[in-house]
Amino acid sequence: RTSSEGIVSTCTQKVLLLFFGRLVEFCMQTANITVSQVESGSLLNANLEKQFEVARLSATLGRALNSSGSGTQVETDTMKLRIERPVTPMLTGVLTVNAYDIRSETGNGSGIDRKSYQIEPGLRWQLTREWSTGALYRYTHLKRANEAEAVTANFVNLMLAYRWPKASISR
């Protein structure tokens, strides 16, 4: 059990992480970790989520093996971090960081090996119970192993959404 200024919560799962050479213990609300071994390597899917007093942090680590169009095995490592924090009751700020490391298992996949990362800040406004709007900016950096220069991209997205009210059926 943890206590902070009169707020008492029960820790359901504790996770130890290595952070800059030190073990740090986190009390997680959600922690799902799956590791499996296959003939050509290991697969990993780890999702951690922490609800702080005013913000929510989620992290995802993954490793997947897929076949490419040329018939070679491609190993993809992913890391995703996301933090959401309400600025006002109707406005929420979101920051997402994604990193990818994609490589050929055989080491000779021309054009397959690459590293990429994305940084994506955004805002969401809840206008009414049904209507919301939002905006985000995404910066992407991609570096292929067989190319001297990296490629960057900038993307802006504006969104307007309507959520249908729940239909209730009564007799």
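Biologist: Let me start with Arg 124: is it buried, partly exposed or exposed?
Modeller: In this model, which is a predicted one, Arg 124 has a relative accessible area of 34% and is therefore partly exposed.

Biologist: And which residue does Arg 124 form a salt bridge with?
Modeller: The partner of Arg 124 is Glu 84, and the closest N and O atoms of the two are 3.1 Å apart. This pair links distant parts of the chain, since Glu 84 belongs to strand β8 and Arg 124 to strand β10, which covers residues 114-126, and the two residues are 40 residues apart.

Biologist: What about Glu 84, buried or partly exposed?
Modeller: Glu 84 counts as partly exposed, because its relative accessibility is 22% and the buried class covers values under 20%.

Biologist: Let's step back a bit. How many helices and strands does the protein have?
Modeller: The secondary structure comes to 0 helices and 12 strands, so that, read from the N terminus on, the elements simply run β-β-β-β-β-β-β-β-β-β-β-β.

Biologist: What share of the residues counts as buried?
Modeller: Of the 171 residues of the protein, 22% count as buried. The accessible surface comes to about 12600 Å², and carbon and sulfur atoms account for 56% of that surface.

Biologist: You mentioned β8, so how does β7 run relative to it, parallel or antiparallel?
Modeller: Strand β7, residues 56-67, and strand β8, residues 73-86, run antiparallel and are joined by 12 bridges. Within this pairing, Asn 66 stands opposite Val 74 in β8.

Biologist: What is there to say about Gly 71 in that hairpin?
Modeller: The hairpin of β7 and β8 has 5 residues between the strands, and Gly 71 in this hairpin takes a positive phi near 90 degrees.

Biologist: Back to salt bridges: how many are there in the whole structure?
Modeller: A search of the whole structure finds 10 salt bridges. Among the residues involved, Arg 63, Glu 75, Asp 77, Asp 101 and Arg 103 are linked in a network.

Biologist: In that network, how far apart are N and O for Arg 103 and Glu 75?
Modeller: The side chains of Arg 103 and Glu 75 meet in a salt bridge with an N to O distance of 2.6 Å. Arg 103 lies in strand β9 and Glu 75 in strand β8, so this salt bridge ties together parts that are 28 residues apart in sequence.

Biologist: Which class does each of the two fall into, buried or partly exposed?
Modeller: Glu 75 counts as buried, because its relative accessibility is 8%, whereas Arg 103 is partly exposed, with a relative accessible area of 21%.

Biologist: And what does Glu 147 meet in a salt bridge?
Modeller: Its side chain meets that of Arg 144, with an N to O distance of 4.0 Å. Glu 147 is partly exposed at a relative accessible area of 35%, and Arg 144 is also partly exposed, at 26%.

Biologist: One last residue, Asn 98: where is it found?
Modeller: Asn 98 is found in strand β9, which covers residues 91-104, and with 9% relative accessibility Asn 98 counts as buried.

Biologist: Which residues is Asn 98 in contact with, leaving aside its neighbours within four places in sequence?
Modeller: With those neighbours left aside, Asn 98 is in contact with Met 79, Lys 80, Ser 116, Tyr 117 and Gln 118. For the protein as a whole, residues 24 or more positions apart account for 32% of the contacts with a separation of 6 or more.

Key: Residues are numbered from 1 along each chain as its sequence is written. This is a predicted model: local features need pLDDT of at least 70, side-chain atom pairs count only at pLDDT 80 or more; totals for chains, interfaces and linings use all residues. Side-chain values use heavy atoms; hydrogens and water are left out. Helices (H or I, at least four residues) and strands (E, at least two) are DSSP runs, numbered from the N terminus. Buried means under 20% relative accessible area, exposed over 50%, partly exposed in between (1.4 Å probe, protein chains only). Contact means heavy atoms within 4.5 Å. Two strands pair if DSSP finds at least two bridges between them. Accessible areas come from the Shrake-Rupley method with a 1.4 Å probe; for residues, only the protein chains shown count as cover.
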